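Got the model open in your viewer? Let's walk through it one selection at a time.

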Amino acid sequence: MFDPDAPTGSGFWHWVAWDIPPDTTSLPTDAVLPPGSVNGENDGGTLGYTGPCPPEGDGVHHYQITVVALSVPTLGLDSRTHAAVVGFTVGSNALAAGQLVATAQQ
C-alpha cells in the first residue's frame, strides 16, 4: 500500500508484502499473512502494515493497494529489502496486476 501524496517528496510505503501463496483469497483484518509470506519494512521503519494517517489539512491522499501475480514462486528477498527493490523485482516477474485506490483526509 503506497501513498504517493505523502509530504515526503517520494511518497510513503504503508505496507509491502510478498511471497503470499497463490491460493490466498483474503487476509484477516489484523493483516496476519499466511505462512511463507514476507512482511517487508514500511517507510515508518517497522515490518508489516501501518495504517493511513494523512496530516491534518493536507488534502486528499490516494492509497494505492496493488496485488501482482508473479511468474516465480518466491522473490527470495529479505524482509528488510527496500520497497523500491521489491517493486523492481516484482515488475521483472509480473504476469498480471490489479489495483484499488482508496482515499482519506483529515
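Start by selecting N42, which is buried at a relative accessible area of 3% (buried means under 20%, exposed over 50%, partly exposed in between, with a 1.4 Å probe and protein chains only). N42 sits in the loop between β4 (38–39) and β5 (61–70); helices (H or I, at least four residues) and strands (E, at least two) are DSSP runs, numbered from the N terminus. Show its side chain: it reaches the backbone oxygen of G48 at 2.8 Å, inside the polar-contact limit (a pair of N or O atoms within 3.5 Å; within protein, one must be able to donate a hydrogen and the other to accept it, and residues adjacent in sequence count only if both atoms are side-chain atoms). Leaving aside neighbours within four places in sequence, N42 is in contact with W13, H14, W15, L47, G48, Y49 and T50, where contact means heavy atoms within 4.5 Å.

A word on what you're looking at: this is a predicted model, in which local features need pLDDT of at least 70, side-chain atom pairs count only at pLDDT 80 or more, and totals for chains, interfaces and linings use all residues. Residues are numbered from 1 along each chain as its sequence is written, and side-chain values use heavy atoms, with hydrogens and water left out. Colour by pLDDT, the predictor's confidence in each residue from 0 to 100: the protein chain averages 94, and 100% of the residues score at least 70.

Two of N42's contacts, W15 and Y49, are worth selecting together. Their ring centres are 5.6 Å apart with the planes at 75°, so this is an edge-to-face pair (rings of Phe, Tyr and Trp, its six-membered ring, pair if their centres lie within 6.5 Å; planes under 30 degrees apart count as stacked, over 60 as edge-to-face and the rest as tilted). W15 is in the loop between β2 and β3 and Y49 in the loop between β4 and β5, so the pair ties together parts 34 residues apart in sequence. W15 counts as buried at 17%, while Y49 is partly exposed at 40%.

Next, pick F2 and W13. How are these two rings arranged, centre to centre and between the planes? They form a tilted pair, 4.8 Å centre to centre with 45° between the planes. F2 is buried, at 15%, and W13 is partly exposed, at 26%.

Now swing over to helix α1 (residues 83–92). Highlight A83, V86, T89 and V90, which are buried. They cover an arc of only 125° around the axis, so they are on the same side of α1 (the arc is that of the directions from the helix axis to the C-beta atoms). On the other side, F88 and G91 are exposed. Among what covers the buried residues are β2 (12–13), β3 (17–18), β5 and β6.

Keep that helix visible and add V16, W18, V38 and L75: with A83, V86 and V90 they make up the largest nonpolar core, seven residues (a set of buried Ala, Val, Leu, Ile, Met, Phe, Trp, Tyr and Cys residues joined through side-chain atoms within 4.5 Å). The largest share, three residues, comes from α1. Apart from this core lies another, of five residues, including M1, W15, A31 and Y63.

Last stop: S71, in the loop between β5 and α1, partly exposed at 45%. Draw a C-alpha to C-alpha distance to V90 and you get 9.4 Å, across 19 residues in sequence.
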